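I opened my notebook beside the viewer this morning. Here is what I looked up, in the order I went.

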Amino acid sequence: MAKPEADDDKTRVWTPPTQSDDKIPKRFQASVVIVVGYAQGMEYPLTKNYSVIGRDADVEVPLKDPLVSRRHAAIVFHEGAFLLKDLESTNGTLMKGALIQQTDLCHRDKFRIGDTTLQFIVMDTGSGRTYEIGG
């Protein structure tokens, strides 16, 4: 029996990237803004392709909310689109009133984590316009 070659066809399952220091392309300026909750009006620029939201001090978007897990959710940039992913939090992540595990994230989308409501903002600096990415 012949030994299989290294480049044999294999089924691959798509998975979004895990936490790394990879950066979002410079043409996109993305951020989240706290619209309801502690530090209302605070804006957090997103520069990494995997940005964690939670109560931990070392996350990219820190929230002071007792209903938020230490590492509650992440905003992921993958293949030209942004995703919101719940990180198996205790109280869940809501978008449009429904609990989500993972969903596309578009410009101006609002989502709730604990008692905090955040809004996602993205701008394409290549064209100087703010617009929706994904869905």
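My entries below go from the whole chain to single residues and then to aromatic rings.

**Entry 1: the whole protein.** I am working with a predicted model, and I keep that in mind throughout. I began with the secondary structure and found twelve strands and zero helices. Reading along the sequence, I wrote the pattern down as β-β-β-β-β-β-β-β-β-β-β-β. I then asked how much of the protein is buried: 41% of its 135 residues count as such. For the surface I noted about 8500 Å² exposed, with carbon and sulfur atoms supplying 48% of that area. I also looked at contacts between residues at least 6 apart in sequence, and 47% of these join residues at least 24 apart.

**Entry 2: threonine 90.** I found threonine 90 in the loop between strand E6 (81-86) and strand E7 (93-95). Is threonine 90 buried or exposed? I noted a relative accessibility of 70%; the cut-off for exposed is over 50%, so threonine 90 counts as exposed. I also looked up its separation from serine 69: the two are 21 residues apart in sequence, while their C-alpha atoms are 6.5 Å apart in space.

**Entry 3: histidine 72.** My next stop was another loop residue, histidine 72, which sits between strand E4 (61-62) and strand E5 (73-78). Its relative accessibility is 0%, so I put histidine 72 down as buried. Which residues is histidine 72 in contact with, leaving aside neighbours within four places in sequence? My list reads Ile53, Gly54, Leu67, Asp86, Leu87, Ser89, Gly92, Thr93 and Ile113.

**Entry 4: the aromatic rings.** I turned to the rings last and found four aromatic pairs in the structure. One of them joins phenylalanine 77 and phenylalanine 82, with 4.8 Å from centre to centre and 55 degrees between the planes, a tilted pair. Phenylalanine 77 has a relative accessibility of 9% and counts as buried. Phenylalanine 82 is buried too, at 1%. Phenylalanine 82 also pairs with phenylalanine 120: I noted ring centres 5.0 Å apart and planes at 55 degrees, so this pair is tilted. That pair links distant parts of the chain, with phenylalanine 82 in strand E6 and phenylalanine 120 in strand E11 (residues 116-124), 38 residues apart. Both of these phenylalanines, 82 and 120, are buried. To finish, I asked which residues make up the aromatic cluster, and wrote down Phe28, Phe77, Phe82 and Phe120.

Conventions: Residues are numbered from 1 along each chain as its sequence is written. This is a predicted model: local features need pLDDT of at least 70, side-chain atom pairs count only at pLDDT 80 or more; totals for chains, interfaces and linings use all residues. Side-chain values use heavy atoms; hydrogens and water are left out. Helices (H or I, at least four residues) and strands (E, at least two) are DSSP runs, numbered from the N terminus. Buried means under 20% relative accessible area, exposed over 50%, partly exposed in between (1.4 Å probe, protein chains only). Contact means heavy atoms within 4.5 Å. Accessible areas come from the Shrake-Rupley method with a 1.4 Å probe; for residues, only the protein chains shown count as cover. Rings of Phe, Tyr and Trp (its six-membered ring) pair if their centres lie within 6.5 Å; planes under 30 degrees apart count as stacked, over 60 as edge-to-face and the rest as tilted.
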